Amino acid sequence: MAQAPKLELPKLEVSVNRVDAEARHMYEVDATATVAAPLPKVWRILTGYERMSEFVPDLESCKVLSRNGNEVIIEQFGVARFLFMSRTIHLIVRATEQPMSSIDISLISGDMKHYESRWELIPVPETGGTKIVYSGRLLPNFYVPGILGANMIRSDIEHMMNAVVARIDRRDDASRRGGQTPSVQATPAIQVPPPAQQPAPNPPAGQAK
């Protein structure tokens, strides 16, 4: 029997548009990618907020401050890089979850004049994978080079999406050990090194060794 042709996963697609708002530049972002991983795994990783900094570039820390039903308050520290400059970004955001479907993120406070984003997850029955749609609107409250700003933000979004896709499609270590999947909120064990051995003291002068 002839084998059915293998379905190719669409490549990552990213677009960034600059629009004028309040005499400043707002950036509208759209990105789409399809992963081989099933929907439950994608959802588990995208809602494992406190582990995001392990694989998302320039995200230094991500901490859950509170959770109330499907609303999660998150504090993030990251770095924005523009040419030879870099700036620390601090945000507190609200994530509103619609399980196995979408995550809407809105700004509470921080180094943005406006920030909102949305993750939408769509099952792909033909492959058993998942289509990920990311969209956002952001207006920094600091200077962004007007001519190069859209290209820089596009590059940042591409790096972020590529990192997320790579993490989602990575085979979990637990699956190789027999399918036991750790909780995404689990804190890795801290390895404490054994105490260093102290060298034996030299014998007093004149004493036989």
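## Ground rules

A salt bridge here is a side-chain nitrogen of Lys or Arg within 4 Å of a carboxyl oxygen of Asp or Glu. One such pair is Glu-54 with Arg-51, whose side chains meet at 3.1 Å, N to O.

Before going further: this is a predicted model, in which local features need pLDDT of at least 70 and side-chain atom pairs count only at pLDDT 80 or more, while totals for chains, interfaces and linings use all residues. Residues are numbered from 1 along each chain as its sequence is written, and side-chain values use heavy atoms, with hydrogens and water left out.

## How far to trust it

pLDDT is the predictor's confidence in each residue, on a scale from 0 to 100. The protein chain has a mean pLDDT of 80, and 72% of its residues reach 70 or more.

Two stretches call for some care. Over residues 1-7, pLDDT stays under 50, and the model has two contacts for them beyond four places in sequence (contact means heavy atoms within 4.5 Å). Residues 173-199 also stay under 50, with 15 contacts beyond four places in sequence. Where pLDDT is low, the predicted coordinates should not be read in detail.

## The overall layout

The protein chain comes to three helices and eight strands. These are DSSP runs numbered from the N terminus: helices are H or I with at least four residues, strands are E with at least two. Going along the sequence, you get the pattern β-β-α-β-β-β-β-β-β-α-α.

Take the contacts between residues at least 6 apart in sequence: 51% of them join residues at least 24 apart. The accessible surface is about 13400 Å², and carbon and sulfur atoms account for 53% of that (areas come from the Shrake-Rupley method with a 1.4 Å probe; for residues, only the protein chains shown count as cover). Of the 209 residues in the chain, 36% are buried. Buried means under 20% relative accessible area, exposed means over 50%, and partly exposed is in between, with a 1.4 Å probe and protein chains only.

## Inside: helix H1 and the core

Helix H1, residues 39-46, is mostly covered, with six of its eight residues buried. Those are Leu-39, Lys-41, Val-42, Trp-43, Ile-45 and Leu-46.

The largest nonpolar core holds 45 residues, and Trp-119, Tyr-134, Ile-157 and Met-161 touch the most other members. Its largest share, eight residues, comes from H2. A nonpolar core is a set of buried Ala, Val, Leu, Ile, Met, Phe, Trp, Tyr and Cys residues joined through side-chain atoms within 4.5 Å.

## Trp-119 and its ring partner

There is one aromatic pair in the structure. The ring centres of Trp-119 and Tyr-134 are 4.7 Å apart and their planes sit at 55°, so the pair is tilted. For the cut-offs, rings of Phe, Tyr and Trp (its six-membered ring) pair if their centres lie within 6.5 Å; planes under 30 degrees apart are stacked, over 60 edge-to-face, and the rest tilted. The pair links distant parts of the chain, with Trp-119 in strand E7 and Tyr-134 in strand E8 (residues 129-140), 15 residues apart.

Both partners are tucked away: Trp-119 is buried at 9% relative accessible area, and Tyr-134 is buried at 7%. Beyond its neighbours within four places in sequence, Trp-119 has contacts including Leu-46, Ile-103, Ile-132, Met-160 and Val-164.

## Salt bridges

In total, the structure holds seven salt bridges. Arg-118 pairs with Asp-104, the closest N and O atoms being 2.7 Å apart. This pair links distant parts of the chain, from strand E7 (residues 112-124) to strand E6 (residues 102-110), 14 residues apart. Arg-118 is partly exposed at 29% relative accessibility, and Asp-104 is partly exposed at 28%.

In helix H2 (residues 149-169), Glu-158 meets Arg-154 at 3.2 Å, N to O. The two are four residues apart, so about one helical turn separates them. Glu-158 is partly exposed at 27%, and Arg-154 is partly exposed at 33%. Elsewhere, salt bridges with shared partners join Glu-28, Glu-116 and Arg-137 into one network.

## A look at Ser-135

Ser-135 lies in strand E8 and is partly exposed, with a relative accessible area of 23%. Its C-alpha atom is 6.3 Å from that of Ala-31, although the two residues are 104 apart along the chain. Leaving aside neighbours within four places in sequence, Ser-135 is in contact with Val-29, Asp-30, Glu-116, Ser-117 and Arg-118.
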